[in-house]
Number of protein chains: 2
Amino acid sequence: MAKANTSRAEDYSQWYIDIVKKPQLADNSAGRGGMVIKPYGYAIWEKMRDQLDRMFKETGHVNAYFPLFIPKSFLSKEAEHVEGFAKECAVVTHHRLMADPNGGGLIVDPSAKLEEELVVRPTSETIIWNTYRDWIKSYRDLPLLINQWANVVRWEMRTRLFLRTTEFLWQEGHTAHATRQEAVEEARRMQEVYAQFAEEYMAMPVIQGYKSPNERFAGAEDTLTIEALMQDGKALQAGTSHFLGQNFAKAFEVVFLNEENQQELVWATSWGVSTRLVGGLIMTHSDDEGLIVPPKLAPTQVVIVPIPKPNPEFGEVAEKIMRSLRERGISVKYDQDMKNRPGFKFAEYEMKGIPVRIAFGQRDLENNQLEVARRDTKEKTSVPIDGIAAYVENLLKDIQDNLFNRALEYRNSHITRVDNFADFQQVLKEKGGFISAHWDGTTETELKIKEQTKATIRCIPHNLDMEDGVCVLTGKPSKHRVLFAMAY
Amino acid sequence: MAKANTSRAEDYSQWYIDIVKKPQLADNSAGRGGMVIKPYGYAIWEKMRDQLDRMFKETGHVNAYFPLFIPKSFLSKEAEHVEGFAKECAVVTHHRLMADPNGGGLIVDPSAKLEEELVVRPTSETIIWNTYRDWIKSYRDLPLLINQWANVVRWEMRTRLFLRTTEFLWQEGHTAHATRQEAVEEARRMQEVYAQFAEEYMAMPVIQGYKSPNERFAGAEDTLTIEALMQDGKALQAGTSHFLGQNFAKAFEVVFLNEENQQELVWATSWGVSTRLVGGLIMTHSDDEGLIVPPKLAPTQVVIVPIPKPNPEFGEVAEKIMRSLRERGISVKYDQDMKNRPGFKFAEYEMKGIPVRIAFGQRDLENNQLEVARRDTKEKTSVPIDGIAAYVENLLKDIQDNLFNRALEYRNSHITRVDNFADFQQVLKEKGGFISAHWDGTTETELKIKEQTKATIRCIPHNLDMEDGVCVLTGKPSKHRVLFAMAY
């Protein structure tokens, strides 16, 4: 396995592709915008999924599964929703193929045309709320706190591995509540869960806020978001949580009898994160030598490399080290390959982002020590064999913290306050990152800024200071700053 | 929640529907043959999935994810495969909807027609082998042992919840090997894993064997199967493992350089089980009072019901019991509901198939005892509070064993040897179950028997005795018996 040929400074986009492909995370597939998630990439996604699943269950949610196909008419029922998704959905029109009677191979059987076309779910609000109508009769049936792990399809024009693919894997929570306040709190709670996951597990700092009307989810009254900053100064929307009001209850006639025995429309939320997070993970931490995976999400946390190559005595030492690490819940692999040289192996494990590498040769064993290298800083240390497990356990924690702090420092140093449009354009062009600026609150101005700069409002942070000012573009009055950025 | 109104004797099909719907396992959904897997049904599937996933990983497999959409032309590449699947697949022909210019609502945008239609995967051999062509270059890349958890779509004409639905969830293993023997062994190994899972976890005895050519997977050289027997005397194909020979390697030109540096075609297997297993679980164990879930797959293994209703003192006792059970890894729930009466609750938990129910009232506590009821036999016993955890732990094991033994006894008493066609028809009609009979080995005879009796060859068991005889239909010579049955 070769090193990543492309450095970030040279060509960030190509670097990203290298970091996805060379450590075998994913690959392009046949068919437009298709992606194969390879075993190593999938193992990282599994770690993410399992942790998120635990957090959803701890907050009272259960999993269920709803159909892939949505009858076309369902999509039309919520006016804004259909507007948002109709233009980019895969449509199933037939249910059979046949041999071409003219010998042209396999063709669609015209007699197998569906009465009503089916849309491959781009998101499941419509089919789920159509189902909830039967499930919810009384306030006793509420709240309904359901999550689904699934694949969805959005026909994207430009695709990029993990970040934007025609099909992607995700989870979508869909909850139903008796009151507005309960639904608002649920949307906020799940935003908080996402932020905690991003920061504690992905070591990826995020800003929590809400979207401007123009950037809201199609059909939502309010969209909450966690926004991360990638190393190239572009923002990544890493997860969203929507307060849907009564829009879907109205569209699908989902009502319940309240405690006073009166009929009311149900309140809703939905929230989701996807395999896009793997892209975010890559672009938060990795370097020119390859991928860096935070220890809490690393499928293999430690690799042991014998120098110059495996032999029975080394094998026994490795076994002992592995046992002591595994007792502490650390995942570890011993490299038994006889063919490749240590230098090659070191480069390979750096490429794969294994957090800790332990190497030893004959002389190390004579001195009763091991060489321990950390992937984040590439520092090497000699460590006594006795106590290696405790050392590594601490080191993994330290790496996790260091990755977060490093990313936080970068992110914080890339939030720039600007007060006029010339500065806005200059900062965007020369420095990138988030721009904290006043905005007059209109979609019109937001779209003009986007047209002129490609920057969008990423969010209106929750913890903003109220501060009078004037809009960076129009000079109209503004009560607080919002965060702009170029975004993935 | 009402009892299942329908007994098995009355109407087995309706009983099955009741057992799926009343304990809230699943429901029909909008759209033909669609199913919503409800939280309780999904929780059982999750337990199955997690255990199977562990067993796949222990046998050296890793997970990956391949695209949902298969270009139509891929399906055509393996002649038998396309024959098997073209007639029942969902076809995506367009990628956009639009507002009807004539005001007729949402229509398919004719300008968004795909150049090549996409098939929603009915199984993934074709897209995976198209990918393996890039992954496999040399014998060093082999074996490739990959599994995928995914949804698939087969346009079935008659559907039945869990057993046969248009979309279902499953896992599909796809492995690539350097030699025929290794692939043959892999297919056999995974059949063994399935059998072990079925018997140890589902408590569902299975017969391992191979399929007759007529019942083989489309594109396989050999299909291994595990066959279970349902309570109504019909067989259920519970899992299959296919030796694919070099068919897909040929179709997708997947070659490797062997150790002698010569090009060879790669050998393949594929194997899968699906949410159909939930249907098998139901029909192996459940009774007229409702579902019975084997302890190893029960999302909740024990429920505690206070009599007549919860109070603070009862709550403390329940807490203590729950702690002691959880320490042993037993999942337990305390019923805090104030509204419903114990009798209602008992019926509800029976309906849901919770393996063990613990009930107590004031007098029980005075006597320092609890009433423990097991779901499988409905026996009740008074058990001292001290030592309840050990008692329940043993009881759960006993229930698991009893369910298996009960099903095994039923299955074994429903394998009937017959030696002429009159007996064949009579046994099939009056007793059901497996019929062990001689068959002349031709597809022609197999199809004739199917036409006349609806019975098919379920499998040719691995552990069969060679025994000369004559075909039950044609009188032609036969070397061994095979198993016929009506099947789901």
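Student: Before we look at the helices, what are the axes lines fitted to, and between which directions do the angles run?

Tutor: Happy to start there, and keep in mind that this is a predicted model. Axes are lines fitted to C-alpha atoms, for helices over the stretch in contact. The angles, from 0 to 180 degrees, run between N-to-C directions.

Student: Then at what angle do helix α9 and helix α12 of chain B pack?

Tutor: Take helix α9 of chain B as residues 312–327 and helix α12 of chain B as residues 388–412. Their axes are 9 Å apart. The packing angle is about 50 degrees.

Student: Is α9(B) oblique or roughly perpendicular to α12(B)?

Tutor: Roughly perpendicular would need 65 to 115 degrees, and roughly parallel an angle under 35 degrees. The angle here is about 50 degrees. The two helices, α9(B) and α12(B), are therefore oblique.

Student: Which residues make that contact, and is the crossing left-handed or right-handed?

Tutor: From α9(B) come Ile321(B), Ser324(B), Leu325(B) and Glu327(B), and from α12(B) come Ile388(B), Ala389(B) and Val392(B). By type, these contact residues divide into five nonpolar, one polar and one charged. As for the sense in which α9(B) passes α12(B), the crossing is right-handed.

Student: Let's turn to chain A. How far apart are the axes of α9 and α12 there?

Tutor: In chain A, helix α9 (residues 312–327) packs on helix α12 (residues 388–412) at an angle of about 50 degrees. That makes α9(A) oblique to α12(A), and the crossing is right-handed. The distance between the axes is 9 Å.

Student: What relation do the two chains have to one another?

Tutor: Chain B can be laid on chain A with an RMSD of 0.1 Å. The operation is a turn of 180 degrees with a shift of 0.0 Å along the axis. That is therefore the relation of a two-fold axis.

Student: In chain B, which residue has the C-alpha nearest the axis?

Tutor: The axis in question goes with the turn of 180 degrees that lays chain B on chain A. The C-alpha nearest to it in chain B lies 2.1 Å away. That atom belongs to Val92(B).

Student: Which strand gives the largest share of the side of chain B that touches chain A?

Tutor: In total, 51 residues of chain B are in contact with 51 residues of chain A. The side belonging to chain B divides into 31 nonpolar, twelve polar and eight charged residues. Its largest share, four residues, comes from residues 91–94 of chain B, strand β5.

Student: Why can we say that the copies meet through the same surface?

Tutor: We compare the interface residues of chain B with those of chain A. The copies meet through the same surface because the portion of chain B's interface residues that are also interface residues in chain A is 100%.

Student: How does the radius of gyration of chain A compare with the globule rule?

Tutor: Chain A has 14 helices and 27 strands. For its 488 residues the globule rule gives 23 Å, and the chain's own value is close to that, so chain A is as compact as a globular protein of that length. Its radius of gyration is 26 Å.

Student: What is omega for the cis peptide bond that joins Leu142(A) and Pro143(A)?

Tutor: Pro143(A) is found in the loop between α5 (125–135) and β9 (144–153) of chain A. For the bond that joins Leu142(A) to this proline, omega is about -5 degrees.

Student: And which loop holds Pro308(B)?

Tutor: The peptide bond from Ile307(B) to Pro308(B) is cis, with omega near 0 degrees. Pro308(B) is in the loop of chain B between β17 (302–306) and α9.

How values were computed. Residues are numbered from 1 along each chain as its sequence is written. Chains are lettered from A and ligands numbered from 1 in the order in which they are written. This is a predicted model: local features need pLDDT of at least 70, side-chain atom pairs count only at pLDDT 80 or more; totals for chains, interfaces and linings use all residues. Angles under 35 degrees count as roughly parallel, over 145 as roughly antiparallel, 65 to 115 as roughly perpendicular and the rest as oblique. A crossing is left-handed if the near helix is turned anticlockwise from the far one by less than a right angle, and right-handed if clockwise. Two residues are in contact if their C-beta atoms, placed from the backbone, lie within 7 Å. Ala, Val, Leu, Ile, Met, Phe, Trp, Tyr, Cys and Pro count as nonpolar, Asp, Glu, Lys and Arg as charged, and the others, Gly among them, as polar. Copies are superposed by least squares on the C-alpha atoms of residues with pLDDT of at least 70 in both. The radius of gyration is taken over C-alpha atoms; the globule rule is 2.2 Å times the number of residues to the power 0.38.
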